[in-house]
Amino acid sequence: PAGLHCPDEIARLNDIPCRGGSCIVDPYGHYVVQPVWDSEDILYADLDMQCVPASRMELDVCGHYARPDVLRLTVHKSSARMKLAMAQMSMTGSMDENLKRSLAFCDAAAGSDLLFFPEVQLTPFFPQYAGRNVDAYVVPAGSPTVRAFADKARAHGFYLSPNMYLEQDGRRYDASLWLTPEGNCAGVAK
């Protein structure tokens, strides 16, 4: 169509930019039907609807999460507004190049309060390829790569949430880190 942005980049895309991955997951996050890749299909499952109320016990929003003696949210009046930045990037096959570009996005987002990155930002989107050896994409939890992001969070005084294929305690995760403006890792969502 006329006025299309980045026609050259779009022309280089694979015929099938997304291979599927439809699945059925129970309320606990377990597969009921495994992901289906590279084909059209209809997925079916017999569901135990009693799992729904039982799973709500796992996220008790009216129970201990609501107790001020256990959890407290503090909103500083000076930060009643938040400037959110979200990096949209095309990843290459080079982790070093993707890291350089990611760190440049951090610099470009200076002045923001929070910067999010896309899933597995340091690698091609390998989860779409079943059975692929992804050992080369592992980022150890205490690595210089993680430290580089923490240093950027501290240098710019913002929260930063990079996403990578993280190895922590001998296990590997598609993980989003939560880095504080002080450069500390306050949490990991796996």
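**Exercise 1.** How many helices and strands are there in the chain?

*Solution.* The model is predicted: local features need pLDDT of at least 70, side-chain atom pairs count only at pLDDT 80 or more, and totals for chains, interfaces and linings use all residues. Residues are numbered from 1 along each chain as its sequence is written, and side-chain values use heavy atoms, without hydrogens and water.

Step 1. Take the DSSP runs, numbered from the N terminus: helices are H or I runs of at least four residues, strands are E runs of at least two.
Step 2. The chain has four helices and nine strands.
Step 3. Along the sequence their pattern is α-β-β-α-β-α-β-β-α-β-β-β-β.

**Exercise 2.** State which residues have the most contacts inside the largest nonpolar core, and which elements supply the core.

*Solution.*
Step 1. Buried means under 20% relative accessible area, exposed over 50%, and partly exposed in between (1.4 Å probe, protein chains only). Of the 190 residues, 28% count as buried.
Step 2. A nonpolar core is a set of buried Ala, Val, Leu, Ile, Met, Phe, Trp, Tyr and Cys residues joined through side-chain atoms within 4.5 Å.
Step 3. The largest such core has 24 residues, and Cys-106, Leu-115, Phe-117, Phe-149, Leu-160, Met-164 and Leu-179 have the most contacts inside it.
Step 4. At least two residues of this core come from each of α3 (95-108), α4 (144-156), β7 (163-168) and β8 (171-179). The most, five residues, come from α4.
Step 5. A second, separate core has six residues, including Val-120, Phe-126, Tyr-137 and Tyr-165.

**Exercise 3.** Describe how the buried residues of α3 are arranged and what they pack against.

*Solution.*
Step 1. α3 has 14 residues and spans 20 Å from first to last C-alpha, close to the 20 Å expected at 1.5 Å a residue; the expected span is 1.5 Å times one less than the number of residues.
Step 2. Its buried residues are Asn-98, Leu-99, Ser-102, Leu-103 and Cys-106.
Step 3. Down the helix axis, these buried residues fall within an arc of 135°, so they line one face of α3. The arc is taken from the directions from the helix axis to the C-beta atoms.
Step 4. The face turned away from the buried side carries the exposed residues Lys-100 and Ala-108.
Step 5. Contact means heavy atoms within 4.5 Å. The buried residues of α3 pack against β4 (114-116), α4 and β6 (159-161).
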